[in-house]
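Trainee: I should like to take a close look at the strands of this protein. Could you explain how they pair and which way their side chains point?

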Amino acid sequence: MTVNGRELDDFLDWEFLTAEEELLIAARLPDGSELELEVERELGEPFGVELEPPRVRRCANKCEFCFIEGLPQGLRRNLYVRDDDYRLSFAYGNFATLSNLKERDVARILEYRLSPLYVSVHATPWDVRKVLLNNPRVPNVIEQLERLASGGIEFHAQMVVVPGMNDGEVLEQSLSDLWAFGEAVLSVAVVPVGLTQFSHLYTGRAMDPGSARSLLRHVERWETRALAERGTRWVFGSDELYLLAGDPLPTADHYEDFAQIENGVGAVASLRQRVTDQVDDLPRLDGRRIGIVTGVSMAPLMPELLDRLTAATGARFELLVAENSLFGPTITTAGLLVGADITRMLDGRADLDLALIPAESINEDGLFLDDATFIDVREALPMPVYPSYDFADVLSAEGEPVVYRAGVAVAG
Ligand code: SF4
């Protein structure tokens with residue numbers, strides 16, 4: 001298939017090549033016949049064309065800390081796909097290492113101005129990065145970023161830090177190298193390595209509170225410098241880093257535009273802010289007993305939020321902290337809880353009028369990571385159960401019918 005004489009490879013070509021007002025679309029149909037269409041349309045007018053999902057570019061690395069290598073056996077197949085795809089980095093904010101980038105890919109990024117990209121840098125010294133990505137053929141990321149930045153491409157970077165490998169001087173060098181890119185590097189997230197009980201490749205040390213505190217001190221030094229010189233914090237510790245270090249999490253204004261919230265940077269501050277913004281508008285729910293299921297890492301942060309919800313609504317909240325039965329006790333994130341965890345926490349609790357579970361633990365097909373469906377889990381429990389992002393999304397609709405749609409509880 002071609003658009004204005006240029007061959008289409010994927011959704012990017014379609015998006016960018018069809019951005020004209022006049023198009024000549026040529027295609028060979030499955031029956032072998034040729035089709036040619038001359039199309040005129042107003043700019044921005046949708047085509048109504050549905051594209052097949054792209055074949056995801058696979059990762060050529062074998063990082064010891066790879067979360068996918070740390071998945072247990074027997075999950076649905078698509079969870080084991082290790083993508084490393086600059087197209088998904090641009091389109092959806094997935095992080096890519098750029099280590100499988102071909103010359104043609106670079107040319108496309110520059111031609112289509114695929115910016116910003118989300119790049120897993122981890123370390124800028126080439127030798128360290130080869131070890132971290134467990135791939136001796138990894139290109140020099142500094143040279144890659146220089147070439148792309150000179151063509152106007154901007155980046156959000158993440159550094160997943162392995163103690164003894166890319167902390168200390170390597171982290172300092174890496175931040176310094178990224179700083180030297182000026183405005184092209186928009187933000188940097190410092191994220192502690194996360195392992196499951198199945199991370200069989202990993203030979204390094206686990207992140208402990210002392211290592212986490214030391215990383216936060218690097219972050220703070222760079223924040224101070226960046227604020228003074230560029231008026232942005234630029235580098236951000238992930239929520240997990242603060243929790244591991246035992247340091248208080250910053251408030252929402254710390255995170256500026258929350259550029260890396262999908263990467264767990266500022267998610268807690270955002271939740272607190274959303275509760276603050278909505279708590280006064282919640283209906284009275286006096287006497288209702290409401291179970292809140294969460295993961296271990298959120299447990300210490302919840303009482304303060306639940307106290308505020310109690311004061312505003314009169315409901316009695318019970319915090320139900322679930323260990324992750326699939327990934328093991330080192331995985332404490334609420335969004336990775338599985339159907340079996342929800343069932344274990346709520347089974348037999350007919351004394352609860354309502355239960356809220358983390359909406360992030362369910363995908364858009366209504367599936368938990370252990371393949372249990374939300375509908376099945378909910379129907380087997382003795383109380384109404386709703387996925388919730390910030391409590392207020394469900395509580396504000398109490399008294400109205402609530403339906404479940406694509407992982408979100410909404411008023412029906
Ligand atoms: S880059 Fe590393 S962590 Fe990411 S998918 Fe590949 S092997 Fe896994």
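Mentor: The answer below begins with one strand and its partners and then turns to an open sheet.

This is a predicted model, in which local features need pLDDT of at least 70, side-chain atom pairs count only at pLDDT 80 or more, and totals for chains, interfaces and linings use all residues. Residues are numbered from 1 along each chain as its sequence is written, while side-chain values use heavy atoms and leave out hydrogens and water.

Helices (H or I, at least four residues) and strands (E, at least two) are DSSP runs, numbered from the N terminus. Two strands pair if DSSP finds at least two bridges between them.

Consider strand β3, residues 22-28. In a regular strand the side chains alternate between the two faces of the sheet. Along β3, Leu23, Ile25 and Ala27 point to one face and are buried, whereas Glu22, Leu24, Ala26 and Arg28 point to the other face and are not buried. Buried means under 20% relative accessible area, exposed means over 50%, and partly exposed lies in between, with a 1.4 Å probe and protein chains only.

β3 has an antiparallel pairing with strand β1 (residues 2-3) over 2 bridges, and Ile25 of β3 has Val3 opposite it. Strand β4 (residues 34-40) also runs antiparallel to β3, joined by 7 bridges; here the bridge partner of Ile25 is Leu37. β3 and β4 form a hairpin with 5 residues between them, and Gly32 in the turn has a positive phi of about 95°.

Now for the open sheet. Its 4 strands follow the order β10-β9-β11-β12, and their pairing is parallel. β10 (316-322) and β12 (385-388) stand at the edges with a single partner strand each, so one side of each is left without a neighbour in the sheet. On average, neighbouring strands are turned by 25° against each other, direction ignored. Axes are lines fitted to C-alpha atoms, for helices over the stretch in contact, and angles run from 0 to 180 degrees between N-to-C directions. Strand β9 (residues 289-295) pairs with strand β11 (residues 354-358) over 3 bridges, in the parallel sense, and Ile292 stands opposite Leu356 in β11.

Two helices can be added to this picture; contact means heavy atoms within 4.5 Å. Helix α10 (residues 302-313) lies across β9 and β10, at about 155° to β10. Helix α11 (residues 339-346) lies across β9, β10, β11 and β12, at about 135° to β10.
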